[in-house]
Amino acid sequence: RWKCKVILESEVIAEAVGVKKTVKYEAAGEAVKTLKKTQPTVINNLKKGAIEDVISRNEIQGRSAEEAYKQQIKEDNIGNQLLRKMGWTGGGLGKSGEGIREPISVKEQHKREGLGLDVERVNKIAKRDIEQIIRNYARSESHTDLTFSTELTNDERKQIHQIAQKYGLKSKSHGVGHDRYLVVGRKRRKEDLLDQLKQEGQVGHYELVMPQAN
């Protein structure tokens, strides 16, 4: 029989007696119950297993294609300036404006392959697709974390971790085996998160529960 005490600022706030393997968790649980009575509690709803707004494999590829389509020929583009010098004023190309209006979008195509085709390789997400999503998130003011689905491979998750670090973001994987998913978010000081939660009540998947007793 082991006894474990939780002491905060020289005051015992909880204790438990039991087997060595579990007694510290029992003491910690009792300490949390005690602290909830007087302190605000930050809940991470990701731990509940209910994940919303998950970015799937198809969405990663779709966002990248959509972003590429949005990249119009800007006025400061060299090609744009050359076309205008030749008399182009916008709209379709050609003498009567009957040509294409949008830039030609480049799509990756795979060689013709028969039996033995490596489906995982064909469906592999390009690094630039992932980086585009993370870069746009880093430049935005969004406080909602990016949650990538369980469809991604270990190598793809590894790439996300590396890209997130490159843009000064935090990343962490949750779950085990086929249920493993990855979350990318902003680095926040706990004090800043608590202040924001007090004002808004909820930030991304974080939720604030006020003390249960006066």
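Of the 214 residues in the protein chain of this predicted model, 26% count as buried. The chain exposes about 15900 Å² of surface, and carbon and sulfur atoms supply 49% of that area. Its secondary structure comprises seven helices and nine strands. Among contacts in the chain with a separation of 6 or more, 56% are made by residues 24 or more positions apart.

The account may begin with the nonpolar interior. The largest nonpolar core contains 16 residues, and those with the most contacts inside it are Ile60, Ile130, Ile134, Leu146, Phe148, Ile160 and Val184. Four elements each supply at least two residues of this core: helix H5 (127–139), strand S5 (146–148), helix H6 (154–166) and strand S7 (181–186). The largest share, four residues, comes from H5. Apart from this core lies another, of five residues, which include Leu193, Leu197, Tyr206 and Leu208.

Two of the strands that supply the largest core, S5 and S7, belong to an open sheet of four strands in the order S4-S5-S7-S6, with mixed pairing. Strand S4 (54–55) and S6 stand at the edges of this sheet; each has a single partner strand, so one side of each is left without a neighbour in the sheet. Within the sheet, S5 and S7 run antiparallel and are joined by three bridges. Strand S6 (residues 169–174) and S7 also run antiparallel, and six bridges join them. The hairpin of S6 and S7 has six residues between the strands, and in this hairpin Gly175 takes a positive phi near 85 degrees.

Val184 offers a useful point from which to view this sheet. Leu146 stands opposite Val184 in S7, and Val184 is also the bridge partner of Ser171. Not counting residues up to four places away in sequence, Val184 touches Tyr137, Asp145, Leu146, Phe148, Ile160, Ala164, Leu169, Lys170 and Ser171. Of these, Leu146, Phe148 and Ile160 are named, like Val184 itself, among the residues with the most contacts inside the largest core. In a regular strand, side chains alternate between the two faces of the sheet.

Asp145, one of the residues touched by Val184, lies in the loop between H5 and S5. Is Asp145 buried or exposed? Asp145 counts as buried because its relative accessibility is 10%, and the limit for that class is under 20%. Not counting residues up to four places away in sequence, Asp145 touches Tyr137, Val183, Val184, Gly185, Arg186, Arg188, His205 and Tyr206. Two members of this list, Tyr137 and Arg186, are also related through a charge and a ring: the charged end of Arg186 sits over the ring of Tyr137, 4.5 Å from its centre. The structure holds zero aromatic pairs.

The surroundings of Asp145 also lead to another part of the chain. The C-alpha atoms of Asp145 and Val203 are separated by 9.3 Å, with the two residues 58 apart along the chain. Strand S8 (202–203) is an edge strand of an open, antiparallel sheet of three strands in the order S3-S9-S8. Strand S3 (41–44) is likewise an edge strand, and each of these two pairs on one side only. S3 and strand S9 (residues 206–209) run antiparallel and are joined by four bridges. Here the bridge partner of Asn44 in S9 is Tyr206. Tyr206 is thus a shared point of reference, because Tyr206 is touched by the buried Asp145 and is also one of the residues of the five-residue core.

The remaining stop is the loop between strand S1 (2–8) and strand S2 (11–18), where Glu9 is found. Ser10 has its place in that loop between S1 and S2 as well. Phi of Glu9 is near 50 degrees, a positive value in a residue other than glycine. For Ser10, phi is near 65 degrees, again positive in a residue other than glycine. Are Glu9 and Ser10 buried or exposed? Glu9 counts as exposed because its relative accessibility is 76%, where the class requires over 50%. Ser10 is exposed too, with a relative accessible area of 75%.

Definitions and conventions:
Residues are numbered from 1 along each chain as its sequence is written. This is a predicted model: local features need pLDDT of at least 70, side-chain atom pairs count only at pLDDT 80 or more; totals for chains, interfaces and linings use all residues. Side-chain values use heavy atoms; hydrogens and water are left out. Rings of Phe, Tyr and Trp (its six-membered ring) pair if their centres lie within 6.5 Å; planes under 30 degrees apart count as stacked, over 60 as edge-to-face and the rest as tilted. A charge sits over a ring if NZ of Lys or CZ of Arg is within 6 Å of the ring centre and within 35 degrees of the ring normal. Buried means under 20% relative accessible area, exposed over 50%, partly exposed in between (1.4 Å probe, protein chains only). Contact means heavy atoms within 4.5 Å. Accessible areas come from the Shrake-Rupley method with a 1.4 Å probe; for residues, only the protein chains shown count as cover. A nonpolar core is a set of buried Ala, Val, Leu, Ile, Met, Phe, Trp, Tyr and Cys residues joined through side-chain atoms within 4.5 Å. Two strands pair if DSSP finds at least two bridges between them.
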